[in-house]
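Q: I'd like a close look at one part of this model, with the strands and how they line up next to each other. Please take me through it slowly, and then follow the ring and charge contacts from there.

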Amino acid sequence: MARTSKKKRTGQMPRSRRFHVGVYARLSVDGTKACGQKDSPQARKNESIDTQIAMAEQYLKEHPEMELYDCYTDLGRTGTNFKREGFERMMQDVRKKRIDCVIVKDLSRFGRNHIEAGNYIQKIFPFMGVRFIAITDGIDTFEAKSGVDEITVNLKNLVNEMYARDIAEKVRSSRRSSQEQGSYTGGMPPYGYRAEWVNGKKCLFICPETSGIVRDIYEMYLSGRNMRQIAGALYERGIHRPGAYRTTGHVYRQEGEVLEQWTSAAIKYILMNPVYIGCMKQGTITHEPLIREDVFFRVAAMFKKPTEKYGIKDGFSKTVPIEEDIYAGVLFCGDCGKRMARVANIKQLKSGDTVRYYGYYCSASRRLDDLQCPAKGIGESVLNKLVKSALNQEFALSDLRPDRLIKEYNGKAEEQKQQIRQRIAQCGKQLESGKKRGSELYLKYYLGSLSLEEFQYAKKENEKSLHEISEREEGLQLRLDGMERKMRETGKFLRNLMEWNEKTKLTKDVIYTLISRIDVYAGRRVKITFAFRRNDLLSAGGTSGFEGEV
């Protein structure tokens with residue numbers, strides 16, 4: 001049988017069908033101002049999020065067969081990629097069959113990457129039965145008269161992508177020019193400086209209120225204090241960290257204000273940022289230095305100096321590769337709920353071998369402010385023994401027989417899959433019957449046993465029935481595909497159970513399959529939540545668990 005074109009197929013959609021619409025609107029900062037161009041108020045008005053949605057709403061009023069489900073927006077997001085919060089939320093609703101029609105103002109609002117945009121419009125949406133409409137471009141994938149074809153769509157998407165690239169290059173060129181002229185091109189000025197516009201250039205000036213704090217940080221580090229001790233000293237003096245300073249406008253805590261301690265990352269950033277010697281990243285002197293160069297480079301040398309605490313020589317740690325953190329994402333502090341942080345100590349054995357010893361601690365326990373958590377920690381070797389013991393105990397109590405479970409699960413899953421296949425085959429037979437019925441209707445009309453009005457009505461009802469059967473068949477196929485994925489995941493879960501024994505090495509795959517969460521509490525108490533139920537091991541995400549003390 002000859003294949004029909006997409007244009008012809010889409011033109012045969014039943015007119016009585018109702019569509020659940022998702023309106024998508026996007027607005028990005030295209031950098032025209034940075035290029036020295038002033039965007040007109042009219043241009044901003046035409047591209048605003050509200051205007052895009054209003055155009056779509058007006059379109060819906062003119063098409064009563066459409067019903068608005070939700071609006072999805074991305075503000076300040078580029079169209080050159082599709083990793084956008086609003087777009088991903090819309091696609092989630094598409095996958096859940098909540099919407100079956102997507103409306104945008106034009107193709108450029110949908111995206112400016114011609115390959116990905118074309119893939120969505122010409123492949124993904126048609127496969128999922130989703131109608132796509134770009135209002136001002138006159139594109140409607142379910143209307144043959146819209147004239148939508150691959151060449152038209154690809155050409156418009158390509159033009160949109162070239163426009164985005166042109167704007168991006170103008171922005172980069174503008175920034176390079178500003179840097180060459182000594183203008184500060186960053187966002188918020190670094191702590192210790194303030195920014196002002198002078199003769200069309202953004203310049204940095206030393207801030208009298210905060211510059212002394214920066215110098216104190218350098219002095220404390222040169223005197224031998226580590227970053228944690230520096231954070232403690234700043235907290236005792238009641239000094240707001242940079243983010244809180246920008247929010248409150250106060251260097252020191254005022255009455256009624258919450259004081260949070262400085263992070264090690266913020267202190268390290270100040271100690272390693274060349275902006276404090278008057279130098280930007282491009283290496284030019286652009287503003288008055290806050291720290292002398294000899295002081296800055298002495299601090300830099302201290303960062304590179306190898307630690308002598310464990311007798312480690314320079315480059316020693318690089319010879320011992322870091323092992324994968326098998327508990328990442330499942331190990332938490334039971335008191336504050338934060339993820340436990342991993343630390344590693346390197347030691348050289350008498351044999352000459354070098355090894356890493358890992359442990360976990362609650363980073364919030366090192367805080368000095370009101371968010372401080374009770375001190376707690378646990379070594380990885382101790383945790384491994386505890387997890388193995390808990391799993392062995394759980395398996396014994398559950399009387400686990402993984403081989404029987406796999407056989408039983410596969411049998412039940414295959415039975416369900418067979419039922420779905422039978423329903424898909426039934427849909428196929430119904431579609432064939434419907435097509436045959438359509439031919440018979442035309443024959444009756446041709447022979448004169450049906451009037452034109454009777455033929456058109458019967459033809460319309462038959463096409464409506466065929467469309468409903470096609471949708472049902474597609475839904476069954478998606479359900480079958482989902483079952484295949486679930487079988488693979490559950491099979492992996494059960495195989496890990498089968499392979500488990502006391503000598504099994506704990507890996508990230510084993511941990512993620514068998515354990516849902518591990519909580520460590522003060523007093524050396526540990527709680528393990530398993531990823532299975534004792535009485536229903538074929539279902540993941542159970543609530544059985546183990547509690548004990550280290």
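A: Strand E8 (residues 331-333) and strand E12 run parallel, joined by three bridges. Strands here are DSSP runs of at least two residues and helices (H or I) of at least four, numbered from the N terminus, and two strands pair if DSSP finds at least two bridges between them. This is a predicted model, where local features need pLDDT of at least 70 and side-chain atom pairs 80 or more, while totals for chains, interfaces and linings use all residues. Residues are numbered from 1 along each chain as its sequence is written, and side-chain values use heavy atoms, leaving out hydrogens and water.

Now stay with E12, which covers residues 515-521. Five of its seven residues are buried (under 20% relative accessible area, 1.4 Å probe, protein chains only; over 50% is exposed, in between partly exposed). Besides E8, E12 has E13 (residues 525-530) as a partner: six bridges join them, and this pair runs antiparallel. E12 and E13 make a hairpin with three residues between them. Gly523 sits in that turn, with a positive phi of about 85 degrees.

Asp519 is a handy residue to follow through the strands. Phe332 stands opposite Asp519 in E12, and in E13 the bridge partner of Asp519 is Lys527.

Phe332 has a charge over its ring as well: the charged end of Arg517 sits 3.9 Å from the ring centre. That label needs NZ of Lys or CZ of Arg within 6 Å of the ring centre and within 35 degrees of the ring normal.

The same kind of contact shows up with Arg131, whose charged end lies over the ring of Phe19, 4.8 Å from its centre. The side chain of Arg131 also makes a polar contact with the side chain of Asp140, at 2.6 Å. Asp140 belongs to strand E5 (residues 139-140) and counts as buried, at 6% relative accessibility.

Rings meet rings too: the structure holds 16 aromatic pairs. In one of them, the rings of Tyr445 and Phe455 have centres 4.8 Å apart and planes at 15 degrees, so the pair is stacked. Tyr445 comes from helix H14 (residues 402-447) and Phe455 from helix H15 (residues 452-499), 10 residues apart. Phe455 is buried, with a relative accessible area of 10%, whereas Tyr445 is partly exposed at 31%.

Terms used:
A polar contact is a pair of N or O atoms within 3.5 Å; within protein, one must be able to donate a hydrogen and the other to accept it, and residues adjacent in sequence count only if both atoms are side-chain atoms. Rings of Phe, Tyr and Trp (its six-membered ring) pair if their centres lie within 6.5 Å; planes under 30 degrees apart count as stacked, over 60 as edge-to-face and the rest as tilted.
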